Amino acid sequence: MTRLLDLDRPALVALRGRPLLAAVADSEGRTIVAEVIAGGAPLASGVDNAEVVAALGADILILNRIEEAYVGNGWRLPASGPVEDLAGLAERLGRPVGVNLEPGDVPALRRATPDSARRLVDAGAALLCLTANPGTGTTLAELATVTTSVRAAIGDGPVIWAGKMHLAGAPEPLTPAGVAALVDAGADAALLPLPGTVPGVTREAAGAIVAAVHQAGGLAVTTIGTSQEGAHPSLAAPLALLAKEVGADAHHIGDAGLGGSPDPELLYAYSVAVRGRRHTWRRMALGNRR
């Protein structure tokens, strides 16, 4: 058993594919995923937001609006120098780095097409997160379709997570069958909004969705994507324990907090609620050990 909980910085940076999924599963619901907007202004002078949330407990980082970090033939976050590819960015940040891709009318680099997916996997993306930003009107059926095409393009090895972090401007029922269909379409994990973050997603509904996703053979990732990632840190513990109750394998905290990042203090409080101070402090320390 290789738990993501126990990995130091070099081992985290190297995580890809099936080993990444196994490390998340073996951590038994204690994996913290933080999303940041690639071009978001730094909350702390001289360091990138991705560095801050990594330092405060994030295990995996996901970049949203990745076109803001792509400069010519390389990659760059606002507070640091350029690197050749996403693998180099992961090395700098000390965490696996995934990217958001979306269907529809979005910049080409971020569009969920077979060509974009292949390029990003070749550039070192640890996972592809197929989702939709607010107001896009994207449905679960559309996400299933692009999941199938992306999986066919990149093969079985690379990791795909797919689903909604909110309703994305398409108010449709989030049903067990609808979300589990993403796993059937080729996703390794399905996203679903954490109860308490989206109207109508109750603990009973979320529990049924998680059970269906597990039955389909996928991992379940609960998400906070409705600006509550910028709420007072006291909200973190109730949400975190609810995610554990419904069976989340990983906890995604979105970028709509402060400056295109989760509130770092909320993320830290969430981590402590999910896995205690011992594992939170271990992640903070091991994640910086070279």
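Which residues are linked with R3 and D6 in a network of salt bridges? The tour comes to that network after the barrel and the helices around it. The model is predicted, and numbering starts from 1 along the chain.

**The barrel**

Begin with the sheet. Eight strands form a closed barrel in the order 1-2-5-6-7-8-9-10, paired in parallel. On average, neighbouring strands are turned by 25° against each other, direction ignored.

Select strand 10 (residues 250–253) together with strand 9 (residues 219–224). The two run parallel and are joined by 4 bridges. Show T223 and H252, which are bridge partners. Then show V221, which stands opposite A250 in strand 10.

Now add strand 1 on the other pairing of strand 10. Strand 1 and strand 10 also pair in the parallel sense, over 4 bridges. Here V33 stands opposite H252, the residue that is also the bridge partner of T223.

Is strand 10 covered on one face or on both? Colour A250 and H252 for one side and H251 and I253 for the other: these four are buried, and both faces are covered. In a regular strand the side chains alternate between the two faces of the sheet.

**Helices on the sheet**

Select helix 8 (residues 203–215). Helix 8 packs on the sheet and touches strand 8 (189–193) and strand 9, with its direction at about 145° to that of strand 9. Within helix 8, pick V213. V213 counts as buried because its relative accessibility is 0%. Leaving aside neighbours within four places in sequence, the contacts of V213 are V179, A180, V183, A190, G218, L219 and A220. For a sense of scale, draw a distance from the C-alpha atom of V213 to that of S80: the separation is 38 Å, for two residues 133 places apart along the chain.

Next go to helix 4 (residues 86–93). Helix 4 lies across strand 2 (60–64) and strand 5 (97–101), and runs at about 130° to strand 5.

**Helix 2**

Select helix 2 (residues 17–26) and show G17, L20, L21, A23 and V24, which are buried. Why do they lie on the same side of helix 2? They cover an arc of only 160° around the axis, which puts them on one side. An α-helix has 3.6 residues a turn, so residues three or four places apart point the same way.

To see what covers these buried residues, add strand 1 (31–37), strand 2, strand 7 (159–163), strand 9 and strand 10, which are among the covering elements. Then step past the end of the helix to E28, which follows helix 2 and has a positive phi, near 55°.

**Nonpolar cores**

The largest nonpolar core has 67 residues. Pick out L86, L120, L128, L130 and Y270, which have the most contacts inside this core. Helix 6 gives the most to the core, with 6 residues. Centre the view on L86 and show L63, W75, V99, L120, A123, G124 and A125, which L86 touches when residues up to four places away in sequence are not counted.

Apart from the largest core lies another, of 22 residues; L21, A23, A189 and V221 are among them. Two of these names have come up in helix 2, where L21 and A23 are buried, and V221 is the residue opposite A250. In soluble globular proteins, nonpolar side chains tend to be buried together.

**Salt bridges**

The model has 13 salt bridges. Return to the opening network: R3, D6 and R282 are linked by salt bridges. Between D6 and R3, the closest N and O atoms are 2.9 Å apart. Between R282 and D6, the corresponding separation is 3.4 Å. R282 lies in helix 10 (residues 264–286) and D6 in the segment before helix 1 (9–14), so this pair ties together parts that are 276 residues apart in sequence. The three are partly exposed: D6 has a relative accessible area of 33%, R3 of 22% and R282 of 31%.

Finish with D188 and R151, another salt bridge, with the closest N and O atoms 2.8 Å apart. D188 is in the loop between helix 7 (176–184) and strand 8, and R151 is in helix 6 (residues 140–154), so the pair ties together parts 37 residues apart in sequence. Are D188 and R151 buried or exposed? Both are buried.

Technical notes. This is a predicted model: local features need pLDDT of at least 70, side-chain atom pairs count only at pLDDT 80 or more; totals for chains, interfaces and linings use all residues. Side-chain values use heavy atoms; hydrogens and water are left out. Two strands pair if DSSP finds at least two bridges between them. Axes are lines fitted to C-alpha atoms, for helices over the stretch in contact, and angles run from 0 to 180 degrees between N-to-C directions. Contact means heavy atoms within 4.5 Å. Buried means under 20% relative accessible area, exposed over 50%, partly exposed in between (1.4 Å probe, protein chains only). The arc is that of the directions from the helix axis to the C-beta atoms. A salt bridge is a side-chain nitrogen of Lys or Arg within 4 Å of a carboxyl oxygen of Asp or Glu. A nonpolar core is a set of buried Ala, Val, Leu, Ile, Met, Phe, Trp, Tyr and Cys residues joined through side-chain atoms within 4.5 Å.
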